[in-house]
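I sat down with this one to go through interfaces, salt bridges and a few single residues. These are my notes, in the order I looked things up.

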Amino acid sequence: MALLQVAALHSGYGANEIIHGVDFHVEEGEIVTILGPNGSGKSTFIKTILGYLKATKGGVTYRGNNVTGHSPTQRISLGMGYIPQLFNIFRPLSVRANLEMGGFSLSKQAMRARIEEIFDLFPRLRERATQNAGSLSGGERQLLAMGRALMPLPRLLFLDEPSAGLSPKMADQAMGHIKSVGSKGTTIVIVEQNVRRALSISDRGYVFVTGQVEFEGPAQAILSDRRIREAYLGG
Amino acid sequence: MERLTLLRRALSGAIIALGVVGFASAAFSAAKGDPIKIGVIIGLTGPNAVAGNDGLAAMQLAVDEVNAAGGVMGRPLELIVEDNEGRPKAGVEAANKLADVDQVPVVIGGYSSAIALPVGLVLNKKKVVWVTDATTNKLKTVGPYLFNTAGIAEQAVALVDFAKADSGAKTLSGLFQNNPIGQDRAAVSEKRAKEVGVEWNHSMLYQVGAKDFRAELTKLLAAKPDAILTDIYDNDAQIIQRQLYEMGVTEMSMFYSYNLSAFATLPPKFTVGMKGLSYATSGARAASFNEKFREKFGRIYTDAWAPPFYDAVWIVATAMNLANSLDSTEIRNAMWPAAYRYNGVSGLGDKGFNRWGMQHADQNAQASFKDGKIQPYFVAGSANNILIFRYEDANGVPTADGIPLAEAPSEEELKALYSGN
Amino acid sequence: MNIVQVLVNSLITSAELGLIAIGLSMTFSILRFANFAHVESAVLGAYLVYLFNVTLGWNFALSILVSTLILGTVGLALHRFIFRRFANSGDITPMIASLGLAITIRHGIQAIWGPQHVVYDYEVLPGNKIFGAFITDPQIWILITAVSAMVGFHCLLQYTRIGTAMRATAANVDLAQACSIDTQKVILLVWFIGTGFAALGGILIGWDTQVDPYLGFNLVIPIFCVVLIGGVGSVYGAIIGSLIVGFAQNFGLAFNYAPLINLFGLLDLGDRFDLPAAYKPAITYMAVVLILLIRPTGIIRKEVS
Amino acid sequence: MEQLIGFGIYLVTVTCIFAMLAMSLDLQVGACGLMNFGQVVFMMVGAYATAIAANAGINPYACIVISMAVAALLGVVMSLTVKNMGGTYWGILSLSMAELIRLVFLNERWLADGANGLSVLITIPYFSLTVVVSTLFVILILRVIWLSPFGRVIRMIREGDRLPLALGKNVLLFKLETMAIGGAIGGLGGSFYALLNSYISPDDGLPIETFIIWAMVVVGGRGNLLGVVAGTVFIQILFVGSRFLTHIVDIDAGVLAPLRFVLIGLLIMGVMMFRPQGLIPERKRVYRI
């Protein structure tokens, strides 16, 4: 059984429907990338899966539970994790407080232990533990966002454009971090515009166009398909 | 002038006698039939809510009495009450409604000049009689349908004289609310002080409705004037007095108030020795008004302008009876004789209008607080505690503005008065 | 001029403004709209104390406690029945709704208790004399409460998990939800504390002065000025804002500007240039204009996403 | 009957004047996102300009033009303080500026007789008709502005400075122009207000008036001229219509007066709760850039 199963999903903002019937699934342990041009509904789609937007039709099944009507908080507590695109850290809070918020549902002891583990994973964060998150560099913010999201040990992590606003070198580093997180057993869904970089660490990919899935297949297949690249992904 | 006063005394006596007969026969003559409606525009909500509700209560009291005494033309009098919300726009809206929809011949109300003026302008355009108790000198310019049952600002110089005579003050300061009446009071008091050779320290104008007057009071006391004139109303009076007391001023005899009744509900210790002017000066008749007010509403009024509102209703009712008509111009013409004959509860009872429809004289009684109650007060060596302002020339002869008219001025005369408009 | 008295007056003014402003600043940052009914809650709380303390004859401290808790609960009800539905309607719609609510509360109070002021069952005494200045017991209580509130809010926000969650929710609601913070619970808590605290502020101001239906109406603009001078969402900003306004109002009137206007002896234009008391309200507005022109997001610059 | 028509004409006139003020605010808020909490200052300054000019013997029509010019200039000055200030921050800043101006009118008796205000003893022929026609003209102008490229840019600014800046638009200039146009319309309304009441005082410029104009805009529907006019009519009916409660309910006037406001407050709140976008909401369009 798939970890996440989405069937014929419709959603949007008010009367303005953006997602028109998307079928989608993620298997345990996979890294899946959602690709597509600007305005194709990628972000709307994952916001619906996470419960920030209401599905108007269709359903979302996660670990066998129908979570279609759940609030974001409920879904997070079931083991979903989410790193939004730009505003993905609490800027006025210290680095440590950010991590504490990430592990809000954990007990005090578990939290302390988990923070140490995150610090071990990203040592840069330990150096900056008491600093305000707003004062971090772009790359450090990405690390913190990741660390924050990993605090409750999510089984399925959604990343909305993790390389947005990063220099190529830092974007590569970020992808490296994602891959290493994935290799430790977390299932990951990435929404990306940067095709090559994201697909290089992914198992499978979906191509969204105007709110529908235009193509679905193994990452390598998408990467090597010139037709798809030229039509939708700008080479 | 002597003859005039005598004549008026005699007339007043006759009216009082008539009044007594009227009350005696009230049981038989209570008004019947369709009520005659007159309008009221007053601040029942907003910054003037306390004064407005006091004024309205006084009017309701008068309406009850008018109706008990036979009503207007044998019919009961009824008030259509409109709230001016403390906003000029709302007052004008109410004036238009009363004039056009309810088509009342007379509207009573006012308080704040910023509302009384535009309302008066609307009502004059529509030839509806407007009886107000606002105080700005500008009321004179509005038009022939405007009457005022309280003294206007230029008449309110008595307090300076009182303070000077009583305390021998060399320097005076003022604490006034920052609105039309307060600004007028400040200007008039300062002018009068200079006329009588007293140094005017400064006028402190405070924001109505504020809760923190310590900065103003600290500065006021720091200047160390010999006496302080105040024009404070309603809820502000309570806080100001309390904050003075808390700042160690436990004896208030340096304060002279234009509106002594504002402090009447305070704990006695806040008003120890405080002096000022009382507008309900007409002896037993005023005392009886105060008593009736307390009986009917279970509280005492704190606004000095409640008695003139009571008088306004009586004058209007008398005028309507005299005119024996609901035509507003005929009622207007009867306003002068009605006020000339009527003996009021405010301003010594003498409510005669001058040619402008303003009070020909302004009479206040000197009073002071004793055990939290307002008592008549006499300046040392004086047997008289009534202060009268009358428009006079240098020889003490009343000028045209200082003469109460027993009959309405002619149309030509009125036209000439307002020709500037 | 008695400078100590001016100083004491400044502190009291600041504390009175600050008491209500602290709650407003916190709720503003999380609810994200200008709640004009906040200050009316303060007045309602003050009237409830009058009801308990004077009409029903309860103990004063008990009245304050019960009234504060009731108003906190009223805050929850306001959220549940009115403001919750504005979650996705931006900041202007709930602001106008709160304006309607403020009008309703203010005049509801007048309909029940009348326009005349009421006072608590408390004996007013001349203030205690300290260094030549007078300060009364209620004023000391106001200062104590304001300082405790400041410390309490600081500890709540900095050292407790729920406080950090409040700051997190204020900074980024979506992300807070992604952290499995129950933001609905946080918002309820903010309503409870914010409204309850407004009530406490209103009660103390009522105790120090008096209670009338327009208490809030006359305070609402100064308090919004204080909050925005300080910076929305910052408790410290609210404190600094109220100190600025309190000191400016009192010292602004007390000061003789003659030396300044005479350019410190270069000119001789007169020996007294005081700010007329009529311009006292202008001091707050001048402070708003000057400070916001220099720092467009208030003195404490919050890094909000 | 004649008098009832007179009352109708008065209501139409005063509603038109406030519709102008509301549309002026809507241009700033609904279109450009400028949270002007000092809107009433345009009316007050416009009315005072007319009063002062009229007392100096200037032709009534010239007075109206002067009012518009002065208020437009004030709009420009106010816009200079916007910079990149957040909505409510500038809201309080604009309120403060409006109150400072009102305090000057209130306290400087040499300028405009302080709290006593100024009488305006001039009239123009067919006054009410002039007001109605002017209102229609304002609606037309604002409609044209709304559909013009200028209108599109200021609506873009409403959603944030970033996009228009990225497109190379001088955001501050657009805000300045919006405030100047808004000010001129507000000044026109103010001039008519002074002529209607024959009087203007600082009490006409209290902040409460701004909040009532805000209620008109938001209750009616931001960003929709028809909605704003509907909101003005609605609020006006609330305030005037509720006066007729006196004829229906027989309770003491001192209690009825605050209850009338309880009703007004509840209705404003109710409209917001059940029609959060206003009575006639803005129709959102999608523009391709």
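The entries below go from chain contacts to charged pairs and then to smaller items. I kept in mind throughout that this is a predicted model.

**Entry: chain D against chain B**

I began with the contact between chain D and chain B, which takes 43 residues from chain D and 41 residues from chain B. I noted about 3500 Å² buried between them, with 53% of that on carbon and sulfur atoms. How many salt bridges are there between chain D and chain B? I got 6. I wrote one of them down: B:Glu85 pairs with D:Arg243, and their closest N and O atoms are 3.3 Å apart.

**Entry: chain C against chain A**

Next I looked at chain C and chain A, where 18 residues of chain C touch 25 residues of chain A. The buried area here is about 2000 Å², and carbon and sulfur atoms give 66% of it. I looked for salt bridges across this interface too, and the count is 0.

**Entry: salt bridges within chains**

Over all chains I have 45 salt bridges. The background is simple: side chains of opposite charge can pair when their charged atoms come close.

In chain A I picked A:Arg204 and A:Glu216, a salt bridge with the closest N and O atoms 3.2 Å apart. A:Arg204 sits in strand E9 (residues 204-209) and A:Glu216 in strand E10 (residues 212-218) of chain A, so this pair ties together parts that are 12 residues apart in sequence. Are the two partners buried or exposed, or something in between? A:Arg204 is buried at 11% relative accessibility, while A:Glu216 is partly exposed at 41%.

Over in chain B, I found B:Glu65 bridged to B:Lys292, with 2.7 Å between the closest N and O atoms. B:Glu65 belongs to helix H3 (residues 49-68) and B:Lys292 to helix H10 (residues 283-297) of chain B, so here the pair ties together parts that are 227 residues apart in sequence. B:Glu65 counts as buried, because its relative accessibility of 7% falls under the 20% cut-off. B:Lys292 comes out as partly exposed at 25%.

I also took a pair within one helix: B:Glu246 and B:Arg242 form a salt bridge, the closest N and O atoms being 2.9 Å apart. Both lie in helix H9 (residues 234-246) of chain B, 4 residues apart, which is about one turn of the helix. That fits the general rule that an α-helix has 3.6 residues a turn, so residues three or four places apart point the same way. B:Glu246 is buried, and B:Arg242 is too.

Then I traced shared partners. Salt bridges join B:Glu82, B:Glu85, B:Arg87, B:Lys97, B:Asp102, D:Glu209, D:Arg243 and D:Arg260 into one network. My B:Glu85 and D:Arg243 pair from the first entry has both its residues on that list.

**Entry: cysteines**

How many disulfides are there over all chains? The count is 0. I looked at two cysteines anyway: C:Cys155 is partly exposed, with 32% relative accessible area, and D:Cys63 is buried at 0%.

**Entry: a nonpolar patch on chain C**

I came across a nonpolar surface patch of about 730 Å², made by C:Leu260, C:Ile261, C:Leu263, C:Phe264, C:Leu266, C:Leu267 and C:Leu269. I chose C:Leu267 for a second look and found C:Leu267 in the loop between helix H11 (258-261) and helix H12 (280-294) of chain C. C:Leu267 is partly exposed, with a relative accessibility of 40%.

**Entry: A:Ser11**

Where is A:Ser11 found? It is in strand E1 (residues 4-13) of chain A. A:Ser11 is buried, at 1% relative accessibility. Leaving out neighbours within four places in sequence, I listed its contacts, among them A:Glu17, A:Ile18, A:Ile19, A:Thr44 and A:Lys54.

**Entry: helix H7 of chain D**

Last, I went over helix H7 (residues 149-158) of chain D, which is mostly covered, with 7 of its 10 residues buried. The buried ones are D:Phe150, D:Gly151, D:Val153, D:Ile154, D:Arg155, D:Met156 and D:Ile157. Just after this helix, D:Gly160 takes a positive phi of about 130°.

Conventions. Residues are numbered from 1 along each chain as its sequence is written. Chains are lettered from A and ligands numbered from 1 in the order in which they are written. This is a predicted model: local features need pLDDT of at least 70, side-chain atom pairs count only at pLDDT 80 or more; totals for chains, interfaces and linings use all residues. Side-chain values use heavy atoms; hydrogens and water are left out. A disulfide is a pair of cysteine sulfur atoms within 2.5 Å. Buried means under 20% relative accessible area, exposed over 50%, partly exposed in between (1.4 Å probe, protein chains only). Patches are made of residues with over 30% relative accessible area and no salt bridge: like charges are joined within 9 Å, nonpolar side chains (Val, Leu, Ile, Met, Phe, Trp, Tyr) within 5 Å. Accessible areas come from the Shrake-Rupley method with a 1.4 Å probe; for residues, only the protein chains shown count as cover. A salt bridge is a side-chain nitrogen of Lys or Arg within 4 Å of a carboxyl oxygen of Asp or Glu. Helices (H or I, at least four residues) and strands (E, at least two) are DSSP runs, numbered from the N terminus. Contact means heavy atoms within 4.5 Å. Buried area is the accessible area (1.4 Å probe) that two parts lose on being put together, summed over both.
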